[in-house]
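Please open the model in your viewer and keep the selection tool at hand. The tour moves from one selection to the next and says what is found at each stop.

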Amino acid sequence: MFIYTHFLVGILIQKLFFHLLPPTPLVWILLCVLSFLSHWIVDVFSYITFHPDETYSERFPKDRFKLFVDIMSVPITTFILIYFTFFSQSNFQFFSGFISPECYIFSMISAWFVDVIDWEIIRRLAKRELISKEYYSLGVLHKSINKFREIIFPWLPNWREKKWAFSIDLGITFTLGIVVFLI
Ligand SMILES: [Zn+2]
């Protein structure tokens, strides 16, 4: 899924956590672990939204819709990252502000981190042939997400190449956005 979807899910988990639990170091660690694991559920939905398998550079410039979608995701992602790091608390203090229960940077990064590992580290290593080429397309962790989907949600239709399925992505994002702003 897009980075902003993972960010929103991380924020949602943190909001639920600190509604129920005190912000102790152990709870913070648990929060980051759970946000990291949320990637396995969230990316299952990439199967029923517009998420072509090829990388951006493989499709560009022939697929202008993919280009539009990627460009559009930049301001949304940036807004969520900045707002929920600095402006979600009334008086942000540098350093201590980052570990406030109203600062969501750690849960956002944790929820997204699977993509950092697979697309920024594993894919780059595979491209330079420092590790096997087979990891280029699906990484390591996304391979296990695929397995997870096949076992738990085998009935999901594959709409990854359908442009109209981007509307499902927007629906999910809009719903998550409303929920995190309201709770
Ligand atoms: Zn992912």
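**A tour around helix 5**

Helix 1 and helix 5 are oblique to each other, because oblique is the class left over when angles under 35 degrees count as roughly parallel, over 145 as roughly antiparallel and 65 to 115 as roughly perpendicular. To see this, select residues 3-20 for helix 1 and residues 105-127 for helix 5, which pack at an angle of about 130 degrees with their axes 7 Å apart. The axes are lines fitted to C-alpha atoms, for helices over the stretch in contact, and the angles run from 0 to 180 degrees between N-to-C directions. Helices here are DSSP runs (H or I, at least four residues), numbered from the N terminus.

Before going further, note that this is a predicted model, in which local features need pLDDT of at least 70 and side-chain atom pairs count only at pLDDT 80 or more, while totals for chains, interfaces and linings use all residues. Residues are numbered from 1 along each chain as its sequence is written.

Next, select helix 2 (25-42) together with helix 5; these two pack at an angle of about 35 degrees, with their axes 7 Å apart. The contact (C-beta atoms, placed from the backbone, within 7 Å) involves Leu-31, Cys-32, Ser-35, Phe-36, Ser-38 and His-39 of helix 2, and on helix 5 it involves Phe-106, Ser-107, Ser-110, Ala-111, Phe-113 and Val-114.

Now stay on helix 5 and centre the view on Trp-112, where the helix has a kink of about 50 degrees, the bend being the angle between axes fitted to the seven residues ending at a residue and the seven starting there. Trp-112 is also among the buried residues of helix 5, which include Ile-105, Met-108, Asp-118, Ile-122 and Arg-123; a residue is buried if 20 or more other C-beta atoms lie within 10 Å of its own, exposed if 12 or fewer, and partly exposed in between. Show the neighbouring helices as well, since the buried residues of helix 5 pack against helix 1, helix 2, helix 4, helix 6 (135-138) and helix 7 (141-152). Just after helix 5, select Glu-129, which takes a positive phi of about 60 degrees.

For the last stop, select Phe-86, which lies in helix 4 (residues 64-87). Is Phe-86 buried or partly exposed? Phe-86 counts as partly exposed, because it has 14 C-beta neighbours inside 10 Å. Finally, add Lys-163, 77 residues apart from Phe-86 along the chain, and find their C-alpha atoms separated by 34 Å.

Conventions
Contact = placed C-beta atoms within 7 Å.
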